[in-house]
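This report covers one sheet and the helices around it, followed by one helix pair. Please keep the sequence and the structure in view while reading.

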Amino acid sequence: MANPQPQPDPEAADEITPLIHPNPNHPTHPYTENVSSRRRRPSHSGSSILSSHLSVDELALADTAIGERLPYDAYQTIDWLHDLIKDSFRYRAVKSSKGVRGAFVSAYEDYQGWIVAGLVGILTACVAFFVDYAESGFGDLKFGYCKTNWVLGREACCFPREGCAGWRDWFGDDDDGGGGWNGFVVYAGVAWLLAMGAGVVTKLTREEIPGFANHECFDEGHGEGNVSSGNGNGNGNGNKIAFLAAGSGIPEIKLLLSGFEFRNLLSWRVLVVKAVGASLAVASGLCVGKEGPFVHISTSAGYVVARMFPQFRDNGRKLREMLSVACSSALAVAFGSPVGGVLFVYEEMSSQFPRKVLWKAFFCSLVAAIMLKGLDPTRTGRLVLFETNFGVIYKPHNYVFFVFLGISGGLFGALFCKASQAWTKRMKPFINKHPLVELTVIVIVTAALQYPNPITREPALLMIKNLLRDCDHKNGGGWICEQERQPDKSAYYWWLITGTVVKITMTILTIGSRIPSGLIVPALSAGAIYGRLIGQIPPDTSPAIFAMVGAAAFLAGVSRMTVSLTVIMLELTGEVEYIPPFMIAILTAKVVVDALHEAGVNDHTVLGEFLEHEHATNIARRHGGLVEDLIPPQQHMVDMTLHMGPEYKVLKQTLAHKLARMKRHGLRDAALVLVDDREMLHGIISEAELDFAVNEEGYLVENEPFDVLTGPLATFVDRTPLTLNAAAPLEMLVEMVYQLGLRHVVVVEEGSSRVLGVVLKQQMILYLEHLREYPSTEVPQGIHADDHSGDYSDEEYDVSDTEEADDCTLDDDAQDRLPKVVEFLLQNGANVMGTTAHQTTALHECL
């Protein structure tokens with residue numbers, strides 16, 4: 001009997017059978033039907049409450065699986081993925097419009113970013129015109145005044161005439177160009193008045209910042225940021241008092257562009273104070289620059305303009321794209337370097353810089369540069385600051401000197417980072433109590449050290465211009481060229497040596513003062529003086545060449561910039577021939593400073609240390625841990641987990657209790673994880689949305705159970721959180737958080753996919769910072785880098801092996817690691833599962 005033939009499968013036989021459903025929006029589609037059955041809009045009263053708190057774009061996400069979000073609160077991080085999806089909904093709605101009006105709206109949508117970029121460039125150039133005009137006019141009042149127009153600076157008063165008769169010094173000239181003791185008194189007096197003005201206006205930007213963590217890096221202000229902030233002037237509740245216009249603002253802008261919400265940092269008030277304060281501070285002659293504050297100013301201009309357009313105002317991701325665009329115009333107006341400004345943002349500032357942002361940044365820099373050249377604040381008609389024309393070129397053997405200058409620049413960068421941090425930490429209590437007294441001392445010391453030296457007496461930009469001057473003529477060229485033509489140069493060498501030491505020392509001491517202050521020009525000044533000194537060694541090459549390369553090397557050592565700095569120096573000097581020397585010195589400086597000091601000066605913010613993606617990845621690679629190392633302790637996960645039961649119903653009181661526990665831990669950007677009886681994930685609710693639902697009157701009803709997935713809370717539930725296996729390498733978590741811009745990552749068990757915990761972005765960063773601080777110490781499993789500053793009782797933890805801790809019966813390896821572990825525990829509270837604050841103190845006494 002023949003075997004029966006198998007019947008053909010009609011689905012398999014059809015070559016055009018679709019692999020997916022042709023219309024997933026069809027109501028009979030199984031996925032759509034399942035989602036619709038579990039989600040619905042809140043009641044009418046809840047909907048009306050929501051509509052008054054959410055943007056139109058956000059309300060469009062109500063019926064999606066990702067849920068809605070309230071506007072970001074201060075000092076939270078944004079959800080990059082959520083904002084991307086929200087913008088996609090808005091974009092599709094705009095493009096769906098038909099007819100002439102639809103075409104107009106669609107075109108306006110496409111060109112809105114270009115409009116904002118152009119307006120930002122114009123506004124930034126206008127602010128730069130004011131700053132340049134004020135800084136030049138006020139700064140030269142230390143020496144004299146213009147008889148034809150007293151508000152003009154010396155260069156603008158005399159240009160284009162040689163031997164200007166329109167400028168008058170206060171007390172005439174002595175042999176080296178000064179005015180004797182009378183000239184010094186006027187110089188110091190005017191400098192003090194200008195510096196006091198900068199300090200007073202900076203106090204107008206006082207801001208109270210909530211405490212973030214009992215972690216050392218959050219207690220000190222370092223580097224070029226708002227280092228004058230601290231809790232010395234606080235109100236006793238653990239909060240910090242920051243002055244948002246202090247410092248350069250570059251570290252805080254980097255933090256904001258990475259996705260952090262920083263309240264009032266970019267407001268109109270800070271923009272105006274920053275511009276006025278930077279003008280007065282630079283004019284006073286202190287070792288500070290206006291180029292760093294220009295980054296803050298341009299970004300503030302971008303924020304003010306972009307918020308006039310709903311597309312950017314209601315979307316944190318889109319807003320930060322435009323802030324990156326605005327930031328690029330800073331160096332275009334500060335240095336006349338539009339291309340270098342774009343590269344600066346790409347290399348140093350922005351963590352998200354797609355190609356469309358690059359094009360708009362290029363346009364914004366172009367508009368700013370054209371506008372500033374038209375305004376011509378210095379009345380010289382020039383955009384390039386230090387245009388040079390060397391009569392000789394460098395020789396092959398000069399490469400040795402270029403490498404030496406690079407090494408010196410790297411050493412200077414490492415010295416500056418370490419010394420400025422130590423000085424700021426030591427002087428912080430005094431600065432908090434007496435900021436103007438500290439500023440007065442620095443002004444007097446700076447004036448006393450700089451005024452006797454004919455090189456450092458001049459304003460910084462004019463001094464750099466003189467140092468880059470080639471003395472190829474027999475006569476003229478200024479004081480420097482006259483000294484280099486003398487047979488005995490011993491006095492000249494002394495001025496170069498002392499000028500370098502003074503600039504380096506006073507830059508270290510000044511950069512932490514409570515005034516707007518940048519580091520670019522002081523680094524260029526010190527490097528130019530040092531390079532001019534080294535340039536006296538080779539007899540066949542102009543010393544100005546080494547001054548130019550030395551300036552680039554010193555700035556590279558402090559800022560860690562490479563490609564962007566090379567282009568900036570090219571645009572500053574106009575010397576294409578000297579690109580190879582720039583590259584040699586800059587790369588050498590970066591290699592040296594990276595070997596000596598990992599964190600850059602722009603990585604220290606008022607809120608702690610900014611951990612860049614590259615540094616975070618390197619730390620994870622060196623440590624080699626797993627994602628499970630970051631799972632919070634059991635008690636914390638109990639507080640952050642909601643077991644919904646078989647009917648998915650909870651009471652408002654339960655949510656209020658969970659919220660109180662999360663706040664008690666001091667967590668920010670936390671999320672409540674929704675699980676069922678089998679510990680399977682059903683979604684997460686961010687702390688901000690949970691706070692709104694619990695505390696908004698009339699949104700939830702007391703003592704009335706409601707379905708979490710279909711009730712009024714459903715609109716806030718994100719049912720699509722990204723998960724990661726607990727056994728995954730730590731590097732995978734770092735890449736996900738930085739590349740995708742995640743706030744939360746849910747950790748699941750290998751094999752069963754049960755929820756084990758949730759990792760917060762801020763928690764991960766603090767964890768990595770601890771690994772960098774103690775690279776040789778293995779971090780105990782369970783260390784949770786958030787602030788657990790609440791008062792915990794011993795009963796809250798499942799304590800084990802207490803006798804072992806009390807008796808100090810530890811193995812040799814544990815005893816070697818114990819001091820650093822206990823130090824960390826004392827700073828952060830009881831952060832290890834099974835270790836209470838009482839036991840931590842006992843361990844410390846046991847040592």
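## A sheet and a helix pair

Strand 9 and strand 10 (residues 681–686) pair in the antiparallel sense over 5 bridges; two strands count as paired if DSSP finds at least two bridges between them. Helices (H or I, at least four residues) and strands (E, at least two) are DSSP runs, numbered from the N terminus. The model is predicted, so local features need pLDDT of at least 70 and side-chain atom pairs count only at pLDDT 80 or more, while totals for chains, interfaces and linings use all residues. Residues are numbered from 1 along each chain as its sequence is written, and side-chain values use heavy atoms, with hydrogens and water left out.

Strand 9 and strand 10 form a hairpin with 5 residues between them. In the turn, Glu679 has a positive phi of about 65 degrees. On its other pairing, strand 9 joins strand 7 (residues 641–643) in the parallel sense over 3 bridges. Bridge partners from both pairings are listed here.

| Residue | Partner | Strand pairing and bridges |
|---|---|---|
| Ala671 | Ser686 in strand 10 | strand 9 and strand 10, 5 bridges |
| Leu672 | Ile685 in strand 10 | strand 9 and strand 10, 5 bridges |
| Leu642 | Leu674 in strand 9 | strand 7 and strand 9, 3 bridges |

The 3 strands form an open sheet in the order 7-9-10, with mixed pairing. Strand 7 and strand 10 stand at the edges with a single partner strand each, so one side of each has no neighbour in the sheet. The twist averages 25 degrees from one strand to the next.

Strand 9 (residues 671–675) has 5 of its 5 residues buried, so it is largely enclosed by the rest of the structure. Buried means under 20% relative accessible area (1.4 Å probe, protein chains only). Ala671, Val673 and Val675 lie on one side of strand 9, and Leu672 and Leu674 on the other.

Helix 29 (residues 687–695) lies across strand 9 and strand 10, at about 75 degrees to strand 10. Angles run from 0 to 180 degrees between N-to-C directions, and axes are lines fitted to C-alpha atoms, for helices over the stretch in contact.

Elsewhere, the axes of helix 30 (residues 730–740) and helix 31 (residues 761–773) come within 11 Å and cross at roughly 130 degrees. That makes helix 30 oblique to helix 31; angles under 35 degrees count as roughly parallel, over 145 as roughly antiparallel, 65 to 115 as roughly perpendicular and the rest as oblique. Residues in contact (heavy atoms within 4.5 Å) include Leu733 and Val737 in helix 30 and Met764 and Leu768 in helix 31.

Methods:
Buried < 20%, exposed > 50% of the residue type's maximum accessible area, 1.4 Å probe, protein only.
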